[in-house]
Amino acid sequence: MDFAPASGANLPSVTMNMLIDFLSQNETLYQPPSARRSFHWLAAVSHENVSCAVPANIADAHLLFVCSEGEAASLLQEKPTAFALVLVSEEHGGQIPPPLRETVERFPDRIMCVRQQDRFSYFVFQLQSYFTQLLIWENELDRIVARRGTLNDMLNTAALLMRNFVFISDSNFSVIARSTALEPPDDLHRHIVETGCLTPQMIEEKRQRLPEKVYYIKPPSALTPYARLSRPLYINHIYFGSLSMSCHATPLTEGLKDLFGILVRHIMPLCEMQWRTQVKLNVPHYFFFAKMLEHAPVTDEYLHSQMELAGLEENMEFKLIVMDVDGGTEPERASAALRAALHINQGNVSCFPYQNVTLVLCHTPPSDNRLSHIKTIKDLRERIYEPLGIASGVSEVFTGITNLDLAYRQTKMALGLRRTIEREQFASDQDESKGIYLFGDALLYYLVDPSDKDERFMRFCFQHTILKKLYEEDQQNGTNCLVLFWFYLYYGRNATAVAQKLHMHRNTVLYHIEKIQKRFDFDLSWRAARDRMMLDFKVFFLTMSHESVEKIFADIQDEPAEGAGGE
């Protein structure tokens, strides 16, 4: 694993529970009290090999170190959120040595100790093989989805790893798919396959009434000598059927449940395809968007095929809107909001429920102003807030559908700070966007918050700006729109001062500023717009080298003019 190039398409997902299953043959000397972890990368470190290749884009929280007791403390100190699996030498007689005990006490949630039974290199080889097996399995599941394979294909691939009989029943209790690679393990499942329907006893279990994402577990009983694991399948919060497994070859553990959950996530797009074929409805590709919202790793093939199915071009620009209405608790309002939202952005939207809110993904070919905040606010005010009283959080414009999770974070942050934004709007006597909360209005509050900042999210927040377009065009065309725009903001929109500074006529300054505002559809009379532009300039100056900035402003020699004022 150390020598493979890392990308979103070749990283396995190994949960803590799955790791514990792998270690079941080893004597566990210490296990953390909480086990909600998922590992994407394995790095082995020992006194014989102290170097480990960990790609820069692997988050420490998803990094698993395998080490001997002497390396654990330094590794966990260097990587504050990583996890260490420590092999304790046989010479300690199955006891944790005192130095390692101190490390366990310092990092109780980030370390696990097992008794070493084989050579270090052999153990690492076995664990690498397990990670690789899971990676190949998940990639195969992705390929089945990408090529629009069958549910049977998916179940057969799953059965090869989990070694248990799996089948899917629909909302009418009919069997619509099963793992043909394995024979039914008992009379109950043989009867299900022969009749193509669940038995009356199983139908009485009412698993279709379970909430979404809840496991249904039945211990061995008179029906079958094996434990059974099921999970209801919902499409747009509507019960589609159930995925069920007989645990006859592999015991029912928390690790097996996590594997089952991975299978469920891959099964859902195929279930949706079958449902779309059956009901003949043009519904959004909910599970593709859900995967993007959860920032799940996907192959390029899967991404391209799903974008095509959803009718989206790869170079499109997006904006995400979260309407604060839950279809589970307010179905009528959520339904009305969805119908109204279909007309936002001239109908170029995908609308769907997610968790406890309703999402609207606006999309357009590359454009300077089709997704402007002015247009979005007008749409939301007229179609959503005034008639329905539903508040909305709005992301910045962005590119790349794989950034959807970051846009969702922006919208939730804007809604979370709605009271603060409302106080600010009240103090500034600005109510143009009442009930509509832009991430741009929340960004400054996020930046002054002393908590740690996510580097990927920070880059995303300043990825798609007007300044970037102006700068690139100035470099290409030999113009100086960026310089003019900077001084116009710097002098508080005093066109006369800008004209003196740049040796231009005042009306020429106003003409160019108005042209920029009209092109990108924003209004500098809004203080929030000015604040955001000034913030973008600060990021621009921070990220540009001194020589580059000096070149941009090369012809500006005068001292800043005195005074301030309007246009």
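**Exercise 1. The mixed sheet**

How many bridges join strand 2 to strand 7, and in which sense do the two strands run? Place this pair in its sheet, then add the helices that pack there.

*Solution.*

Step 1. The model is predicted. Two bridges link strand 2 to strand 7, residues 111–115, and the pair runs antiparallel.

Step 2. Name a residue pair. Tyrosine 30 has cysteine 113 of strand 7 as its bridge partner.

Step 3. Widen the view to the sheet. It is open and has five strands, ordered 2-7-6-5-4, with mixed pairing. Strand 2 (28–30) and strand 4 (41–45) each have a single partner strand, so these two are the edges, and one side of each lacks a neighbour in the sheet. On average, neighbouring strands of this sheet are turned by 25° against each other, direction ignored.

Step 4. Add helix 3, residues 98–106. Helix 3 packs on the sheet and touches strand 2, strand 6 (83–88) and strand 7. The direction of helix 3 makes about 150° with that of strand 7.

Step 5. Add helix 4, residues 120–146. Helix 4 lies across strand 4, strand 5 (63–68) and strand 6. Relative to strand 5, helix 4 runs at about 165°.

**Exercise 2. The antiparallel sheet**

Find the strand order of the sheet that holds strand 12, and work out which strands stand at the edges. Then follow strand 12 to its partners.

*Solution.*

Step 1. Five strands make an open sheet in the order 9-8-12-11-10, with antiparallel pairing.

Step 2. Read off the edges. Strand 9 (175–178) and strand 10 (216–218) have a single partner strand each, so one side of each has no neighbour in the sheet. The average turn between neighbouring strands here is 20°, direction ignored.

Step 3. Take strand 12, residues 238–247. Nine of its 10 residues are buried.

Step 4. List its pairings. Strand 8 (residues 165–170) pairs with strand 12 over six bridges, in the antiparallel sense. Strand 11 (residues 227–235) is joined to strand 12 by nine bridges, also antiparallel.

Step 5. Go down to residues. Serine 242 of strand 12 stands opposite serine 169. Proline 232 also stands opposite serine 242. Aspartate 170 has glycine 241 in strand 12 as its bridge partner.

Step 6. Add the helices. Helix 5 (residues 151–162) lies across strand 8, strand 9 and strand 12, at about 45° to strand 9. Helix 6 (residues 187–195) lies across strand 8, strand 9, strand 11 and strand 12, at about 45° to strand 8.

**Exercise 3. Positive phi angles**

Where do asparagine 236, histidine 295 and glutamine 355 sit, and what phi does each take?

*Solution.*

Step 1. Recall the background. Most residues other than glycine have a negative phi.

Step 2. Start with asparagine 236. It belongs to the hairpin of strand 11 and strand 12, with two residues between the strands, and has a positive phi near 50°.

Step 3. Move to histidine 295. It lies in the loop between helix 9 (286–293) and helix 10 (300–309). Its phi is positive, about 55°, although it is not a glycine. Its relative accessible area is 41%, so histidine 295 counts as partly exposed.

Step 4. Finish with glutamine 355. It is found in the loop between strand 14 (349–354) and strand 15 (357–364). Its phi is positive too, about 55°. Glutamine 355 has a relative accessibility of 48%, so it is partly exposed.

**Exercise 4. A loop phenylalanine**

Is phenylalanine 462 buried or exposed? Identify its contacts as well.

*Solution.*

Step 1. Locate the residue. Phenylalanine 462 is in the loop between helix 16 (455–461) and helix 17 (466–477).

Step 2. Apply the cut-off. Buried means under 20% relative accessible area. Phenylalanine 462 has 15%, so it is buried.

Step 3. List the contacts. Leaving out residues up to four places away in sequence, phenylalanine 462 touches Leu443, Leu447, Arg532, Leu535, Asp536 and Val539.

Step 4. Check one distance. Glutamate 396 is 66 residues from phenylalanine 462 in sequence, yet the C-alpha atoms are 9.3 Å apart.

**Exercise 5. The whole chain**

Collect the global descriptors: elements, extent, burial, contacts and charge.

*Solution.*

Step 1. The chain has 22 helices and 18 strands. Its C-alpha atoms fill a box of roughly 90 × 60 × 40 Å along the principal axes.

Step 2. Of its 567 residues, 50% count as buried. The exposed area is about 27000 Å², with 51% supplied by carbon and sulfur atoms.

Step 3. Take the contacts between residues at least 6 apart in sequence. Of these, 64% join residues at least 24 apart.

Step 4. There are 56 positive and 71 negative charges, and their mean positions are 5 Å apart.

Terms used. Residues numbered from 1 in each chain as written. Predicted model: local features only at pLDDT ≥ 70, side-chain atom pairs only at ≥ 80, totals over all residues. Heavy atoms only, no water. Helix = DSSP H or I, 4+ residues; strand = E, 2+ residues; numbered from the N terminus. Buried < 20%, exposed > 50% of the residue type's maximum accessible area, 1.4 Å probe, protein only. Contact = heavy atoms within 4.5 Å. Areas by Shrake-Rupley, 256 points an atom, 1.4 Å probe, with all protein chains shown as cover. Lys, Arg positive; Asp, Glu negative; His and termini not counted. Charge placed at Lys NZ, Arg CZ, Asp CG, Glu CD. Pairing = 2+ DSSP bridges. Axes fitted to C-alpha atoms, helices over the stretch in contact; angles between N-to-C directions.
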